[in-house]
Amino acid sequence: MSDIRKWAIVKFRGELCVITDFQHINPGKGSAFTRVKLKNVKTGKVVEETFKGGAEELENVETEHRNLQYLYHDDANYYFMDNTNYEQVGVGADIIGDNAKFLKDDQEVVAMFYEGLPVTIELPRKMEYKVIESPDAVKGDSAAGNVTKVIKLENGLEVNAPLFIKVGDIIKVNTETGEYVERAN
């Protein structure tokens, strides 16, 4: 398998897994390799594997991609609406994982289904949020080395942002790192 990417569904040693993270490493000496974190879809167990050259042990799996719109959540599931047939789809909180903190009302995501069951969701790489809490910058903050402040977004997510960000601003956040990217308005 040459197309290793985050949130890809693969079979590894006969088990269905999601690639949750990967890193291509090209050391100065020796051959290049790829370090991959795989999450077992059934058990939720995460393993880290290293592949030299190609990752032939990873087998591509046919998945169905559907565009879903986030509605709400309870303790066990996150609920989305399928935009093609308006059916409600429940996705387990264990499948959503850390992506849950980035979800906001009416957010569209791409869900991968295997044999009719949702196995993972993929968020846009950058998402826009409205700032609802932003402490005022105090004169001398930047002189003391504090060039960022913690702000709160419309979905409750807190991120570090530059001092000029104010309540009501729309900002973009990178969903892979959880970091502020830029002001959108």
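1. Start with the hairpin of E14 and E15, where 5 residues sit between the two strands. In this predicted model, Gly 178 lies in the turn and has a positive phi of about 75°. E15 covers residues 180–183 and runs antiparallel to E14, with 3 bridges joining the two. If you want a register check, take Lys 172: its bridge partner in E15 is Glu 182.

2. On its other pairing, E14 is joined to E11 by 5 bridges, again antiparallel. Lys 172 turns up here too, as the bridge partner of Glu 128. So which residues does Lys 172 partner in the two pairings? Glu 128 on one strand and Glu 182 in E15.

3. Now the sheet as a whole. It's an open one of 5 strands, ordered E13-E12-E11-E14-E15, with antiparallel pairing. E13 and E15 have a single partner strand each, so one side of each has no neighbour in the sheet. From one strand to the next, the twist averages 50°.

4. There's another open sheet of 5 antiparallel strands, and its order is E8-E7-E6-E9-E10. Its edges are E8 (88–92) and E10 (117–122), which each pair on one side only. The twist here averages 45° per strand step. Inside this sheet, E6 (residues 64–73) and E7 (residues 77–82) run antiparallel and share 5 bridges. For the register, look at Leu 68, which stands opposite Asp 82 in E7.

5. Have a look at Asp 74 as well, in the loop between E6 and E7. Is Asp 74 buried, exposed or partly exposed? Its relative accessibility is 34%, so it counts as partly exposed. Its C-alpha is 8.9 Å from that of Ala 93, although the two are 19 residues apart in sequence.

6. On packing: the largest nonpolar core has 26 residues, and the members touching the most others are Phe 80, Leu 103, Ile 121, Ile 151, Leu 153, Ile 171 and Val 173. Strands that each supply at least two residues include E6, E7, E8 and E9 (108–114), along with E11 (126–133), E12 (148–153), E13 (158–162) and E14 (170–174). A separate core of 10 residues lies apart from this one, with Ile 4, Cys 17, Ile 19 and Val 36 among its members.

7. Val 173 deserves its own point. Leaving out residues up to four places away in sequence, its contacts include Phe 102, Arg 125, Lys 126, Met 127 and Tyr 129. Also on the list are Leu 153, Leu 157 and Val 159, plus Gly 178, Glu 179 and Val 181. Gly 178 is the residue with the positive phi in the hairpin turn.

8. If you're thinking about pockets, the largest holds about 580 Å³ of space. It has 30 lining residues, and those closest to its centre are Lys 6, Trp 7, Thr 20, Asp 98 and Asn 99. Elements giving two or more residues to the lining are E2 (15–25), E3 (33–40), helix H1 (93–96) and E10. E10 is also an edge strand of the sheet in point 4.

9. Last, the overall numbers. The chain has 1 helix and 15 strands. Its C-alpha atoms fill a box of roughly 60 × 55 × 25 Å along the principal axes. Of its 185 residues, 36% count as buried. Among contacts with a separation of 6 or more, 40% come from residues 24 or more positions apart.

Key. Residues numbered from 1 in each chain as written. Predicted model: local features only at pLDDT ≥ 70, side-chain atom pairs only at ≥ 80, totals over all residues. Heavy atoms only, no water. Pairing = 2+ DSSP bridges. Helix = DSSP H or I, 4+ residues; strand = E, 2+ residues; numbered from the N terminus. Axes fitted to C-alpha atoms, helices over the stretch in contact; angles between N-to-C directions. Core = buried A, V, L, I, M, F, W, Y, C linked by side-chain atoms within 4.5 Å. Buried < 20%, exposed > 50% of the residue type's maximum accessible area, 1.4 Å probe, protein only. Contact = heavy atoms within 4.5 Å. 1 Å grid on protein atoms, 1.4 Å probe; cavity = no way out; pocket = protein on both sides within 12 Å on 5 of 7 lines; lining within 4 Å. Points joined across faces, edges and corners; volume = space filled by probe spheres on them.
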